[in-house]
Amino acid sequence: MSAQSTPIVLAQGLSKTYRIAEKQPGLKGTFRHLLRRRYRDLEAVKGIHFAIEEGEMVGFLGPNGAGKTTTLKMLSGLIHPSSGELLVAGAKPQRRQARFLQDITLVMGNKQQLIWDLPPWDSIRVNAAVYGIPEGVMQRRVRELADLLELGEELHRPVRKLSLGQRMKAELLTSLLHEPRVLFLDEPTLGLDVTAQGRVRDFLATYNRRTGATILLTSHYMGDITALCERVLLIHEGALFHDGPLGELTSRLAPHRQVRLELQQPQPRQVFEAFGTVESHQEHQVQLLVPREQLTETVAALLGRFDVLDLEVSDPPIEELMRSLFQQAGENEA
Amino acid sequence: MTSARAAIRIARTLLSTQYAYMLEYRAEIALWALSGVLPLIMLGVWQNSGAASQAGWNPGQLRHYFVAAFLVRQFSVVWLIHVFEEDVVSGKLSPFLLQPLQPLWRYFAAHLAEQATRIPFVALMLLALAWVNPALLWVPTPENLALGIAAIWGAFLLRFLLQTLSSMLCFWSERAAALDRLLVIPYLFLSGLVAPLDTFPPAIKTVALATPFPAMVDFPARLLAGLPVDIGAGFLSLMLWCGLLSPLCWLSWRRGLRRYGAMGA
Amino acid sequence: MRRSRTLSTVLQFWRSSLEAESEYQLNLVLECLAVSGNLAGSLFVLSLLFTGQSTLGGWGWNEALIVLGLYTLLDGFTSCLLQPNLSKIVNHVQQGTLDFVLLKPVDSQLWLSLRCFSPWGIPALLAGVVLVGLGLQRSGTGLQGEALVLGSVLLLSGAAILYSLWFSLAALSIWFVKVWNATEVLRYTLVAGRYPVSAYPPALRLVFVFVLPVAFMTTVPSQALLGQGSWPWAAGSLLMAVGSLLASRWFWRFALRHYTSASS
């Protein structure tokens, strides 16, 4: 039984360094590589700390190669950390003890675990046997999960005949059969269409509410993160760049907010430059970037000075912020 | 649920699921069965050469031996390394590692299921042989049949353990299957699959008997064919080799997993 | 596509696949070991077949060496070209990437057959040549110009038959997508080519001439190299080579018509 105060995931100084062989291009390099290898160290994760309470829904963000999948695999016990302490559900993941394995599940969007040529029911039965779930309990859980996921006769069709969305839902069902306390989801909505993505997100939110399971997910789709995760861990070049609510991340990345004005009378561009950076200016429509601290007074001033038909204040889209951050990082690396 | 009952349930479910899965691949398995004709081809060569009679074998014994060897091979074939290597390289092994079941059991169940799926095709091939030349087939005595089947099971287990050992190399090298191919060579030539051990010069025969390979084909084939064979020595050899390989497999599995975890699962 | 461009393209393919393969330094050692092991084993079995006998199906020991040598050579050819290329056809079908191949401005059969060159068949090729040379020398025939030419032509014809068999089987994977083992099956059955075809009982001899033409792959070229080539067999071999190449092409076209991409 976990005490209320102990986090279900505790990582301290978590690091992972890979040693990879380097090869020079061209035929000469090939033969040199054949005879004498050269290695270099790749730090995938550099000493990150975080703690996650039971029942939280946390998102791992970061560009490709940032280390988020490595972190997730360390949390699930697949990869051994090079250094640092890690406790998940009170156990060391890399030991992969039976009790720990019963408490977790890993679902990967780009790899499937269901047997391809057989209906999901066969994979479900195997999982039920492996996790020691009694027949009656299995039937009940399948019914409940199938209800939530809107799956019916799909469970009786071979997996290869299901659409990507149905397959993902069946994967989720099979993975949650043993009611794990912690769900590791690696790109769960990869390749799904918009409706399917929405359904999966709804399901995860409902599941978290109903069972109090802790959900850790990585995703490229900001939609997943914004819809599901109250808390975001941004991993950037192997380090933890941000740990906190998504809103905070936005403020941190973008100290500005967007103000969109629709005017009664068109005004020249220079007039607005005093209030902030002009992003776009078209006769009656103006878009400004205003520093957060000055937002209220700037808006008041704008309303007072001009004849404003409509005014909208919003955050720059998070995708853009991410993109510029990672672009910057790419430039720094180069 | 007691752990014995749980284990039986897992075994039952795995086997039935894998059997259903193998049935989807009937055509491929039929082809695999067809690819096991090597002993029959060798029978053709040996029949026409006088060398077998030199070793004291009459044509009938030669025929029965090679057909028995053919059967033994059909039901002791192991393909673990190919699927295992694929699963390691593609990362499919990872989800198996996160379930509270030793992944090797899945592959073992798959092999047993595949053998069950093979039975009708092998039966067909035997019928074809009988049609070509009825003298090729015979009815073994009940003891020979029972002992022969037990020996085939032992040979399968031995080959599975040996290939498990090579498969563990998948964690260190991406070309472990190539290494396993090397092991096929002594299997082909020293096990009695392509030439009866009795035709070997005495020195080489002694060397061969010191390896696990004769236990994989020569011993079960001779039992089935009703040829003179030391039953006790044969089963002892099987047990000793299995006993030697099991702890090695277990040890290399643990080391292999550590390596898998270190290199990125 | 002009011949010079084809040649340079093929060479470029082979250069890049050579680079890709060289990453595995263990392979070189393993391959040499495998070839020597297989050869040692085959020679051992051959010697067993010759105990107390001076001939095997009418062939002497040195002559039988030539047959074995040619088999090893063809095995090397299989490892260099046939195996790496044609086993990929299955992958293409499975992953739906055959579409990309079909969209290229190169003949699909050519592309699929010559795309890769694996250097790992070279040890076997060399071993085969050495064995053939040894057999010819020891049998007293030596290297006679005419015999050499005829033998080489018939060997090429045998190689063409082998290629057609492989390719047709690989094309079969368009129907049976999971038949990644079909070509392995072929490999296991072609081992019959290790021994001269007259070593087999009459019924099997027919099979090895008409059904699985191993006779044309090893026995017929060996006879030619020994100066014992006969016109009927040579003509038959060439006929079968041309016939099987055409058949493989027709079958490929037929298979492509039935081709559908794998689902997402």
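Trainee: Why are H3(C) and H7(C) called roughly parallel to each other?

Mentor: Look at the angle: helix H3 (residues 61–95) of chain C and helix H7 (residues 145–172) of chain C pack at about 30°. Angles under 35 degrees count as roughly parallel, over 145 as roughly antiparallel, 65 to 115 as roughly perpendicular and the rest as oblique, so H3(C) and H7(C) earn the label roughly parallel. One heads-up: this is a predicted model, where local features need pLDDT of at least 70 and side-chain atom pairs count only at pLDDT 80 or more, while totals for chains, interfaces and linings use all residues. Residues are numbered from 1 along each chain as its sequence is written, with chains lettered from A and ligands numbered from 1 in the order in which they are written.

Trainee: What makes an axis here, and how far apart are the axes of H3(C) and H7(C)?

Mentor: An axis is a line fitted to C-alpha atoms, for helices over the stretch in contact, with angles running from 0 to 180 degrees between N-to-C directions. The axes of H3(C) and H7(C) are 10 Å apart. The crossing is right-handed, the word for a near helix turned clockwise from the far one by less than a right angle (anticlockwise would be left-handed). On the H3(C) side, the contact residues include Leu70(C), Leu74(C) and Phe77(C), and on the H7(C) side they include Leu155(C), Gly158(C) and Trp166(C). Contact means that the C-beta atoms of two residues, placed from the backbone, lie within 7 Å.

Trainee: What makes H5(B) oblique to H12(B)?

Mentor: Helix H5 (residues 59–74) of chain B and helix H12 (residues 218–225) of chain B have axes that come within 8 Å and cross at roughly 125°. That angle falls in none of the named ranges, so H5(B) is oblique to H12(B). Their crossing is right-handed, and the contact involves, among others, Tyr65(B) and Ala68(B) of H5(B) with Pro220(B) and Leu224(B) of H12(B).

Trainee: And H6(B) with H9(B), which label do they get?

Mentor: They pack at about 30° with axes 9 Å apart, so H6(B) is roughly parallel to H9(B). Leu80(B), Ile81(B) and Phe84(B) make the H6(B) side of the contact. The crossing of H6(B) and H9(B) is right-handed.

Trainee: Which residues of H6(B) are buried, and why are they said to be on the same side?

Mentor: In helix H6 (residues 80–90) of chain B, the buried ones are Leu80(B), Ile81(B), Phe84(B), Glu85(B) and Val88(B). They cover an arc of only 115° around the axis, which puts them on the same side of H6(B). Buried means 20 or more other C-beta atoms within 10 Å of a residue's own (12 or fewer is exposed, in between is partly exposed), with C-beta atoms placed from the backbone. The arc is taken from the directions from the helix axis to the C-beta atoms. Here's a handy rule: an α-helix has 3.6 residues a turn, so residues three or four places apart point the same way. What covers the buried residues of H6(B) includes H7(B), H8(B), H9(B) and H10(B). Just after H6(B), Gly91(B) takes a positive phi of about 85°.

Trainee: How many residues meet between chains B and C?

Mentor: Chain B gives 31 residues and chain C gives 35. H10(B) supplies the largest share of the chain B side, seven residues.

Key: Helix = DSSP H or I, 4+ residues; strand = E, 2+ residues; numbered from the N terminus.
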